[in-house]
Amino acid sequence: MTVNVSSGPAPIDGTPAGPGVRVRPPVVDACSLVYDDASWRVYLNRLGTMAPEYLDVFSTSFCRYFGAAHTAYREALAVRWQDAVDVLLPPGRPPFDLTAHLADRQQQGVTGEFAMGSAERRPDGRTVNEWLLETVRDVRDRVHVWAGLSLRDPAAALRELERSLAAGATGLCVIPFLDGTDPADPLVAPVWDAAAGAGVPVWLHTGHHFARSHPSGLGSWRTVEALAGRHRELLLVAGHAGWPDVQEMLLTAARHPGVFLEFSSHRPRHMANPGSGWEPLLHHARGLARDRVLFGTSTWVNPGPTRLLADELAALPLPGEVLTAWLSGNAEALVARAAVTPRGSVSRRPSG
């Protein structure tokens with residue numbers, strides 16, 4: 001597996017590089033959502049069913065991303081969350097255009113992205129994973145599909161894992177608070193064994209979440225510690241870096257070479273602020289964190305050009321080699337590190 005980096009670096013201010021101008025490296029977005037409206041509706045309906053708080057807390061972000069009127073959205077949300085989703089996705093929206101999406105990504109300096117899927121079904125009967133794999137079939141050097149799994153039914157999750165990897169997925173993603181399940185439950189061990197045996201990374205939502213119906217500890221650094229300890233060959237990407245427990249997640253990564261941190265949903269410009277919770281990441285940037293941190297956006301959480309988020313990171317007091325590693329180098333290395341397994345074959349190794 002390779003990540004296309006053909007477009008080269010871009011200056012952080014968008015002007016031609018010259019003396020004294022710091023050049024920003026290419027970007028690999030390690031947490032991206034590439035959806036048409038049917039898939040977005042599946043995504044939003046899943047939030048509304050399992051974690052409706054997200055439709056409230058992130059109402060401004062959703063409206064900015066979908067270009068919806070915030071007042072109309074809030075009024076609809078006060079009646080039914082389904083009505084609020086209809087405000088975001090009204091009839092007549094332009095269809096998803098993959099070519100336009102890729103052109104925009106290139107303009108933003110994004111040379112690769114890990115697109116998160118879902119095992120939920122669309123109205124046409126396909127899972128979001130299936131739609132995504134078919135849609136990006138010809139551009140998988142730029143869009144790497146990380147198939148979404150639900151752990152509510154471990155046997156079904158294992159079947160979805162095998163189907164998705166056979167169809168070309170190069171990673172997996174799991175969001176525990178949407179399942180209401182503990183990823184470290186021994187009943188789920190066969191899923192993690194299969195992922196480890198296939199050599200593919202798993203993006204796991206970690207840290208704070210807003211789903212009040214599920215414990216805050218689902219997907220904590222303790223979850224990552226337990227999984228990495230039991231499944232020694234498993235590659236785990238701690239989505240959102242376990243914030244606010246970033247230091248504990250870094251220490252977990254220090255113990256387990258297959259653990260990485262990805263900080264999507266958080267603005268780099270706030271990381272240097274006292275009390276932000278990100279101080280350990282910056283403190284250890286030249287050491288432990290140098291090769292274990294990935295850049296991600298979460299697409300809708302901070303609507304706006306990806307290059308602005310990358311520029312915010314570039315504005316932090318980071319050495320050039322660290323900036324390059326975080327923006328793209330570590331993601332490329334993770335993709336290269338993933339084992340090459342014959343398509344359709346998943347080696348089920350016992351837990352370590």
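Here are some short exercises on a predicted model, each with a worked solution.

**Exercise 1. Find out how confident the predictor is along the chain, and which stretches fall below 50.**

Start with the whole chain: its mean pLDDT is 91, and 89% of the residues reach 70 or more. Next, look for the weak spots. Over residues 1–21 the pLDDT is below 50, and this stretch has 41 contacts in the model beyond near neighbours in sequence. Another weak spot is residues 347–352, where pLDDT stays under 50 and the model has 19 contacts beyond four places in sequence. How should you treat such places? Where pLDDT is low, the predicted coordinates should not be read in detail.

**Exercise 2. Place strand β4 among its partners, and say whether its residues are buried or exposed.**

First, find β4 at residues 110–116. Then take one partner: strand β3, residues 27–32, pairs with β4 in the parallel sense over 4 bridges. Within that pairing, Val27 has Val110 of β4 as its bridge partner. Now take another partner: strand β5, residues 143–149, also runs parallel to β4, again over 4 bridges. Here Phe114 stands opposite His144 of β5. Last, check the cover: 7 of the 7 residues in β4 are buried.

**Exercise 3. Work out which residues have the most contacts inside the largest nonpolar core, and which helix gives the most to it.**

Begin with the size: this core has 112 residues. Those with the most contacts inside it are Phe62, Trp192, Leu281 and Trp326. Helix α15, residues 320–337, gives the most to the core, with 8 residues. Now zoom in on Phe62. Leaving out residues up to four places away in sequence, Phe62 touches Leu44, Leu47, Tyr54, Leu55, Tyr73, Leu88 and Trp300. As a bit of background, nonpolar side chains tend to be buried together in soluble globular proteins.

**Exercise 4. Decide whether Thr252 is buried or exposed, and list what it touches.**

Locate Thr252 first: you'll find it in helix α12, residues 246–255. Its relative accessible area is 1%, and the cut-off for buried is under 20%, so Thr252 is buried. Setting aside neighbours within four places in sequence, Thr252 is in contact with Trp221, Val224 and Glu225.

**Exercise 5. Count the salt bridges, then look closely at a few and ask how covered their members are.**

The count comes to 21 salt bridges. Why can such pairs form? Side chains of opposite charge can pair when their charged atoms come close.

- Take Arg163 and Glu160: their closest N and O atoms are 2.7 Å apart. Both lie in helix α8, residues 154–166, and they sit 3 residues apart, about one turn of the helix. Arg163 is partly exposed at 43% relative accessibility, whereas Glu160 is buried at 6%.
- Move on to Asp124 and Arg122, whose closest N and O atoms are 3.1 Å apart. Asp124 is partly exposed, with a relative accessible area of 41%, while Arg122 is buried, with 9%.
- Then try Glu130 and Arg121, with 3.9 Å between the closest N and O atoms. Glu130 counts as partly exposed, at 31% relative accessibility.

**Exercise 6. Name the residues that share a salt-bridge network with Arg122 and Asp124.**

Go back to the Asp124–Arg122 salt bridge. Its two members belong to a network of salt bridges that also links Asp36, Arg126 and Glu134.

Technical notes:
Residues are numbered from 1 along each chain as its sequence is written. This is a predicted model: local features need pLDDT of at least 70, side-chain atom pairs count only at pLDDT 80 or more; totals for chains, interfaces and linings use all residues. Side-chain values use heavy atoms; hydrogens and water are left out. pLDDT is the predictor's confidence in each residue, from 0 to 100. Contact means heavy atoms within 4.5 Å. Buried means under 20% relative accessible area, exposed over 50%, partly exposed in between (1.4 Å probe, protein chains only). Helices (H or I, at least four residues) and strands (E, at least two) are DSSP runs, numbered from the N terminus. Two strands pair if DSSP finds at least two bridges between them. A nonpolar core is a set of buried Ala, Val, Leu, Ile, Met, Phe, Trp, Tyr and Cys residues joined through side-chain atoms within 4.5 Å. A salt bridge is a side-chain nitrogen of Lys or Arg within 4 Å of a carboxyl oxygen of Asp or Glu.
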